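Colleague: I am new to this model and should be grateful for a close look at a single part of it. Please choose one helix, and explain what surrounds it and how that region is held against its neighbours.

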Amino acid sequence: MIYDTSEISSTNNFLSHRLSSSSTSTSTSWRCTLRGKDAVVFQRKSRTPIDLPDLQQSLSLISRSHRTPIDLPAQNDHLLAVATNFRSLSSLRLQSCCLVSGEGLKALGTAVNSGLEELALINCDVVEREPGLLSTLGQNLKKLRKLDLSYNEMLLDKDFMSMLVSCNYLVDLKVRGCKGLTNASIISMLKSCKRLESVDIMHYHGIQAEAIESFVLNSPQLRRVQVEQCKISYFAKTWASHKFVEAVA
């Protein structure tokens, strides 16, 4: 739905509820009420004049595959707004978000369902704070292809594995700096994620060289693995080179 500028401007105290504005930001946004509903309005400059039919087509394409970073402080109300307005969202990346709860993420996961292909929750304490969150996300986001849970230091095998069981289409997985994970998670990757092509398990203190060797030898699609040099056995290195698997330390 496209609103006329006059209708947006008539909202009470519209310009006083600015959410984002910086010298490096490509957009400015405000929170307002449109026809009785909470809304976030983004202002983006068009390089060339655009008429209404072209604008409608552009907005349709954005809503089907919205990959533009949203310059907002990540909070539940923002996630709920995204869940409501971008049901065809294909990529979501959150980092160091302390104001997000499991409720907001679950609502988003339910809304976008199988459409989301990439999810990053980097150093987000909600991952560690709310047991069962990852399991629910995995069940709702079964078509995920890229998952990044890096630097969630207290993430445990049980929660991580409960998500992997449902994520059978993963090709790219990052758990760098997840110090609470052990060999059990590596075994779960082997069982549940047979399409993995790239894995980052650097600073994953709970695994040993034997588990890495087994993973490299038994992952048919693997093309790149990032792990400490000391955890890659000579046999695993030799096998990796023969199978054109890049081992990066």
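Modeller: Helices (H or I, at least four residues) and strands (E, at least two) are DSSP runs, numbered from the N terminus. This is a predicted model, in which local features need pLDDT of at least 70, side-chain atom pairs count only at pLDDT 80 or more, and totals for chains, interfaces and linings use all residues. Residues are numbered from 1 along each chain as its sequence is written, and side-chain values use heavy atoms, with hydrogens and water left out.

The chain has 10 helices and 10 strands. Of its 249 residues, 43% are buried, where buried means under 20% relative accessible area, exposed over 50%, and partly exposed in between (1.4 Å probe, protein chains only).

I have chosen helix H6, residues 133-140, in which six of the eight residues are buried. These are Leu133, Leu134, Ser135, Leu137, Gly138 and Asn140. Their cover includes helix H4 (102-112), strand S5 (118-122), helix H5 (126-129) and helix H7; contact here means heavy atoms within 4.5 Å.

Two of these covering elements deserve a further look. Strand S5 holds Glu118, which is 25 residues from Arg93 in strand S4 (residues 91-95). The side chains of Glu118 and Arg93 form a salt bridge with an N to O distance of 3.0 Å, a salt bridge being a side-chain nitrogen of Lys or Arg within 4 Å of a carboxyl oxygen of Asp or Glu. Glu118 is buried at 16% relative accessibility, whereas Arg93 is partly exposed at 48%. Leu119 touches Leu137 of the chosen helix, and its other partners include Leu92, Leu141, Leu144 and Met163. Leu119 also belongs to the largest nonpolar core, a set of 53 residues; Leu119, Val175, Met189 and Ile201 touch the most other members. Helix H9 (residues 209-217) gives this core its largest share, four residues. A nonpolar core is a set of buried Ala, Val, Leu, Ile, Met, Phe, Trp, Tyr and Cys residues joined through side-chain atoms within 4.5 Å. In soluble globular proteins, nonpolar side chains tend to be buried together.

The other element is helix H7, residues 157-164, where Asp157 is found. Asp157 is buried and has no salt bridge; the nearest side chain of opposite charge, that of Lys158, is 12 Å away. For this purpose Lys and Arg count as positive and Asp and Glu as negative, while His and the chain ends are not counted. The side chain of Asp157 does make a polar contact of 2.4 Å with that of Thr182. Such a contact is a pair of N or O atoms within 3.5 Å; within protein, one must be able to donate a hydrogen and the other to accept it, and residues adjacent in sequence count only if both atoms are side-chain atoms. Asp157 also touches Ser185, one of the buried residues of helix H8 (residues 183-192). The buried residues of H8 pack against H7, strand S7 (172-174), strand S8 (198-200) and H9.

The loop between strand S6 (146-148) and H7 contains Glu153. Lys179 forms a salt bridge with Glu153, with the closest N and O atoms 3.8 Å apart. Lys179 lies in the loop between S7 and H8, 26 residues from Glu153. Both partners are partly exposed: Lys179 has 40% relative accessibility and Glu153 a relative accessible area of 40%.

Notes
Lists of a residue's contacts leave out its neighbours within four places in sequence.
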